[in-house]
Amino acid sequence: MKELFRIALSAIWSNKMRSLLTMLGIIIGISSVVTIVSIGDGTKASMNDQLSNLSGNSFQVYMNYNLDSEVYEKAMITAEDIAALQTKFQKETLEIAPDSRISGDVVGNLEQPGATFRGSSSGTLKMSKATIIEGRDLLDEERANKKNVVVVGERLAKDLFPGMSAIGQTMFLQMDDTSTGFQIVGVYTQEDQRSESYGGFISIGTAQKILNQNAYGSLNIYPAEGQSTDVLSTRVVKFLESRHDAEGQNFYRVFSSEAALATVNDVLGKVTLLIAAIAGIALLVGGIGVMNIMLVSVTERIREIGIRKAIGAKRHHIMIQFLIESVLLTLTGGIIGAVLGMGLAAIACSAMKVPRVISTDAILYASAFSIAIGLFFGIYPASQAAKLSPIEALRHE
Amino acid sequence: MIQLEKLTKVYEQGEIRVEALKDIDLHVRKGDFMAIMGPSGSGKSTLMNVLGCLDQATAGAYWIDGTHVEELTEDELADVRNQKIGFIFQSFNLLPKLNAQQNVELPMVYAGKSTKERNQRAKKALEQVGLGDRGKHRPSEMSGGQRQRVAIARALATDPAILLADEPTGNLDSKSTEEILRLFQELHHEGRTIIMVTHESEVAKHCSRVIVIKDGEIVDDYRNKEGKRI
């Protein structure tokens, strides 16, 4: 066996240029598959990251925008609906809150346009994966009394009050022609900086007071630990429909990051597979190249095969000799291709600003696959060689 | 040692049917040093290829060292070529990319011998043919006579029952021819069984027995009293 390896190696080595060109097909094939799969994985990871940071495992129930305005008014979610939901789903949820957002320009020491403030309850900060880094969260007493206090995001705090602490400062939120003052009691940072909205949290009561709302277009629902989003969202929608005499009329819809995630993963997976399949064609062409060269190699060495057979080589000796040669060619090509592909993927991922998923499996799979290609495309030339009759082969010039 | 009974070899190419060997009966005893002579096209090379298990007869029976060759599978034939026969070719048939030592080791590689045993036996065989110091040389770095001696060492490597030499001196000058023939005689005196194809009667004179083939038939079979010593 060791001898057969040595024979195959010397055959490859003595035709360096030809071996390299043969390998090139495999290198291009494997590297393009590895690159594409890595970029696909990176994109997927990045999307998953963004989506799960968007709202944790919460889901949203929102109005079907296509309803007639009359029906829409009637179907809007009221404070009574929310109270009833909170009672009914007390155990299954951490929080049920209307999605109230106020957007406008903010003035502190400097003026900043376009900030968004969300109405929050006591658990919102934690569920949004936000941490207080200075000051404190809103107090229950401040929420109950609908006080004009706010916790602001780190970025906004720095922009409004550069070079100083924002705690205790007053900022003014300007919408249309009114301006409302808020006292800043805390500054938070969010786990994922990219998804941190530019703005802050005020209490739900305060938000409703300012917006003068008594009915809502959407609800944020945070399921309790171990609750299935699917089951819970269906029950919430049923409950709302029954309160508005709208069973099965499709008034309310659900958006969950979990479902969105599944869709995105599904689509990305299919796209990656498709492109990888196209790259796989390059691999196939490379494999045929290997077969071609192996056939040439067998033809060139008919006399050598004859000599080996004349002194006692059996069919399987010759077969294995040539199979080792083709597998060494494809395996070397495969490993070079995998390393090259990972390098290309790293460059592409950093250019596309998606995280690079380092797949240690890539080399393993590429190697296994290259060996398979070597065997598959090597078996025909090798069996041609093994089949030669010694006397015919010896006569060959 | 070798027994042929009504051995026939027929080549058929379309309509043309050539009987290369016709009902050959032959008995070769252990220790024989036999020359097969005959004009070209007489069938002597065909006989040699059949004896060497490189080619198979169309009809008849062939026993070598107690083994009935017609009953063997392809792999068993490879074993016979490997274990019982040492073949020496006119054109040496060494592998150009291997050095002398590696060429001599090759039959033992296929016999599954250990690296150590291969190494020792190849060294010994090379010493026996007087090339103990040329193990690292490639065939291209050697003279024709030296190459043929490497080929003889390779044939001896697995200690075969019989040595078959097909015009072993055909490509050599007279000095090298003399060397090779002397080597064969030494091997003969050691008790080896040797069959050599030649068309030169000068060469045949060195053998203890000569058979002459013409048109696929043995037309003469005689013994030299004492093979001419060199």
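Which residues in α1(B) are buried? I will start there, with the reminder that everything I show comes from a predicted model. In α1(B) the buried residues are B:K44, B:T46, B:L47, B:M48, B:N49, B:V50 and B:L51, so that, with a residue counted as buried when 20 or more other C-beta atoms lie within 10 Å of its own, seven of the eight residues of this helix, which covers residues 44–51 of chain B, fall in that class. The helix is followed by B:C53, whose phi is positive, near 60°.

Some of these helix residues come back when we look at B:I36. Leaving aside neighbours within four places in sequence, B:I36 is in contact with B:K44, B:L47 and B:M48, and also with B:I195, B:V197, B:I211 and B:I213. B:I36 is also one of the residues that touch the most other members of the largest nonpolar core, a set of 116 residues, the others being A:V34, B:I88, B:A153 and B:L164. The element that gives the most to this core is helix α12 of chain A, residues 315–352, with 13 residues. Apart from this core lies another, of 40 residues, among them A:M63, A:A130, A:V185 and A:Y252. As general background, nonpolar side chains in soluble globular proteins tend to be buried together.

Staying with chain B, let me turn to its strands. Strand β3, residues 33–37, is joined by four bridges to strand β9, residues 209–214, and the two run parallel; within that pairing, the bridge partner of B:M37 in β9(B) is B:V212. On to the next pairing: β9(B) is joined by six bridges to strand β10, residues 217–223 of chain B, this time antiparallel, and here B:K214 has B:E217 in β10(B) as its bridge partner. β9(B) and β10(B) form a hairpin with two residues between them, and B:D215 in the turn has a positive phi of about 50°.

Where in chain B does B:N93 lie? B:N93 is found in the loop between β6 (85–88) and α3 (100–110) of chain B, and although it is not a glycine, its phi is positive, at about 50°. Because it has 22 C-beta neighbours inside 10 Å, B:N93 counts as buried. Chain A offers a counterpart in A:K146, again not a glycine and again with a positive phi of about 50°, placed in the loop between α6 (140–144) and β7 (149–153) of chain A; with 16 C-beta neighbours inside 10 Å, however, A:K146 counts as partly exposed.

That brings us to chain A as a whole. Its secondary structure comes to 14 helices and 13 strands, and its C-alpha trace spans about 105 × 55 × 35 Å along the principal axes. The radius of gyration of chain A is 33 Å, whereas a compact globule of 397 residues would have one near 21 Å. Of those 397 residues, 37% count as buried.

Within chain A there is an open sheet of four strands, in the order β3-β12-β1-β13, with antiparallel pairing. The edge positions are taken by β3 and β13 (252–256) of chain A, each with a single partner strand, so one side of each is left without a neighbour in the sheet. The twist averages 20° from one strand to the next. Strand β1, residues 59–63 of chain A, is joined to β13(A) by five bridges, and A:Y62 stands opposite A:R253 in β13(A). Helix α9, residues 229–243 of chain A, lies across β1, β12 (218–223) and β13 of chain A, and runs at about 160° to β13(A).

What about helix α8 of chain A, residues 204–211: which of its residues are buried? They are A:I204, A:T206 and A:A207, and because they cover an arc of only 160° around the axis, they sit on the same side of α8(A). The buried residues of α8(A) pack against β3 (93–98), β4 (101–107), β5 (111–120) and β10 (199–203) of chain A. Just after the helix, A:N212 takes a positive phi of about 55°.

Finally, the contact between the chains: 19 residues of chain B are in contact with 16 residues of chain A. On the side of chain B that touches chain A, α2 (74–83) and α3 of chain B each supply at least two residues, and α2(B) gives the most, with six.

Methods:
Residues are numbered from 1 along each chain as its sequence is written. Chains are lettered from A and ligands numbered from 1 in the order in which they are written. This is a predicted model: local features need pLDDT of at least 70, side-chain atom pairs count only at pLDDT 80 or more; totals for chains, interfaces and linings use all residues. The radius of gyration is taken over C-alpha atoms; the globule rule is 2.2 Å times the number of residues to the power 0.38. A residue is buried if 20 or more other C-beta atoms lie within 10 Å of its own, exposed if 12 or fewer, and partly exposed in between; C-beta atoms are placed from the backbone. A nonpolar core is a set of buried Ala, Val, Leu, Ile, Met, Phe, Trp, Tyr and Cys residues joined through C-beta atoms within 7 Å. Two residues are in contact if their C-beta atoms, placed from the backbone, lie within 7 Å. The arc is that of the directions from the helix axis to the C-beta atoms. Two strands pair if DSSP finds at least two bridges between them. Axes are lines fitted to C-alpha atoms, for helices over the stretch in contact, and angles run from 0 to 180 degrees between N-to-C directions.
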